[in-house]
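Reader: I would like a close look at a single part of this model. Please take one residue and go through its surroundings step by step.

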Amino acid sequence: MTITLYDYTLSGSCYKVRLLLNFLGLSYDRRQMNFYPGRQHKSPEFLEINPLGQLPALQDGDLILRDAQAILCHLANKYDADGHWLPRDERFGDVMMWVMFAGGELMNSSAARLHDALGYKLDVHAARTNAHAAFRVLEDHMTAREIAGRKWIVGDTPTIADIASFPYIALSGEGGIGHEDYPALRNWMRDFRRLDRFHAMPGVPEFV
Ligand SMILES: N[C@@H](CCC(=O)N[C@@H](CS)C(=O)NCC(=O)O)C(=O)O
């Protein structure tokens, strides 16, 4: 079965999907989209794939999916038989809660970055304020997890909750959102970047 990722290298949302594909060791066709300045994600051809005109999108056989979080769930459900990345036990709801948080509140960090990097017209002050509020929620959670001797958002091993949350925290400096006030998030990002098969992107280098 061929997997095709409609991708843009600098997109943190596409990066979520590349991370899981890499962790799972899945090969895939990478359809590089000219997001900027070409706006290929708004072309009639791509709107047939995703009528929202957003990246990423994924085709897996006959199935076409949009939304990074939905794609992570699909890939983990289909290709991660032992449930490492999406546990099917009592951790499931907790993982999904944080995956939704990554696709919701944490996207304020993406908005601030799009404003600063690509000149998107939006209320960047509100985006930064909301991103900091979201970072604080995860910082408090990860501080409690550290005290309990745990490294990951849920359970004892990384899950798609960590994958979905990582990019827009790691890239937030590009939207004027620093990590100074978030020591537990800094520790968590360091551990994430040390994972086997971790995949870098511009702005998020390999751990050295
Ligand atoms: N809910 C989507 C949002 C993805 C998203 O915001 N993608 C950006 C690129 S990083 C995009 O395509 N923006 C174009 C637009 O919204 O018009 C997801 O989480 O995958």
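In which helix is Asp162 found?

Author: The model is a predicted one. Asp162 is found in helix α7, which covers residues 160-170.

Start with burial and charge. Asp162 is buried, yet it has no salt bridge. The nearest side chain of opposite charge belongs to Arg145, and it is 7.8 Å away. A salt bridge requires a side-chain nitrogen of Lys or Arg within 4 Å of a carboxyl oxygen of Asp or Glu, so Arg145 at 7.8 Å does not form one with Asp162.

Next, the polar side of the picture. The side chain of Asp162 reaches a backbone atom, the nitrogen of Ile153, at 3.1 Å. Ile153 also appears among the contacts of Asp162 when neighbours within four places in sequence are left aside. On that count, the other residues in contact with Asp162 are Trp152, Thr157, Trp188 and Phe192.

For the wider setting, turn to the sheet. The model has an open sheet of four strands in the order β2-β1-β3-β4, with mixed pairing. Its edge strands are β2 (29-32) and β4 (63-66), each of which pairs on one side only. From one strand to the next, the twist averages 20°. Strand β3, residues 57-60, pairs with β4 in the antiparallel sense over four bridges. Gln59 has Ile64 in β4 as its bridge partner. Helix α1, residues 12-24, lies across β1 (3-7), β2 and β3, and runs at about 150° to β1.

Conventions: Residues are numbered from 1 along each chain as its sequence is written. This is a predicted model: local features need pLDDT of at least 70, side-chain atom pairs count only at pLDDT 80 or more; totals for chains, interfaces and linings use all residues. Side-chain values use heavy atoms; hydrogens and water are left out. Two strands pair if DSSP finds at least two bridges between them. Helices (H or I, at least four residues) and strands (E, at least two) are DSSP runs, numbered from the N terminus. Axes are lines fitted to C-alpha atoms, for helices over the stretch in contact, and angles run from 0 to 180 degrees between N-to-C directions. Contact means heavy atoms within 4.5 Å. Buried means under 20% relative accessible area, exposed over 50%, partly exposed in between (1.4 Å probe, protein chains only). Lys and Arg count as positive and Asp and Glu as negative; His and the chain ends are not counted. A polar contact is a pair of N or O atoms within 3.5 Å; within protein, one must be able to donate a hydrogen and the other to accept it, and residues adjacent in sequence count only if both atoms are side-chain atoms.
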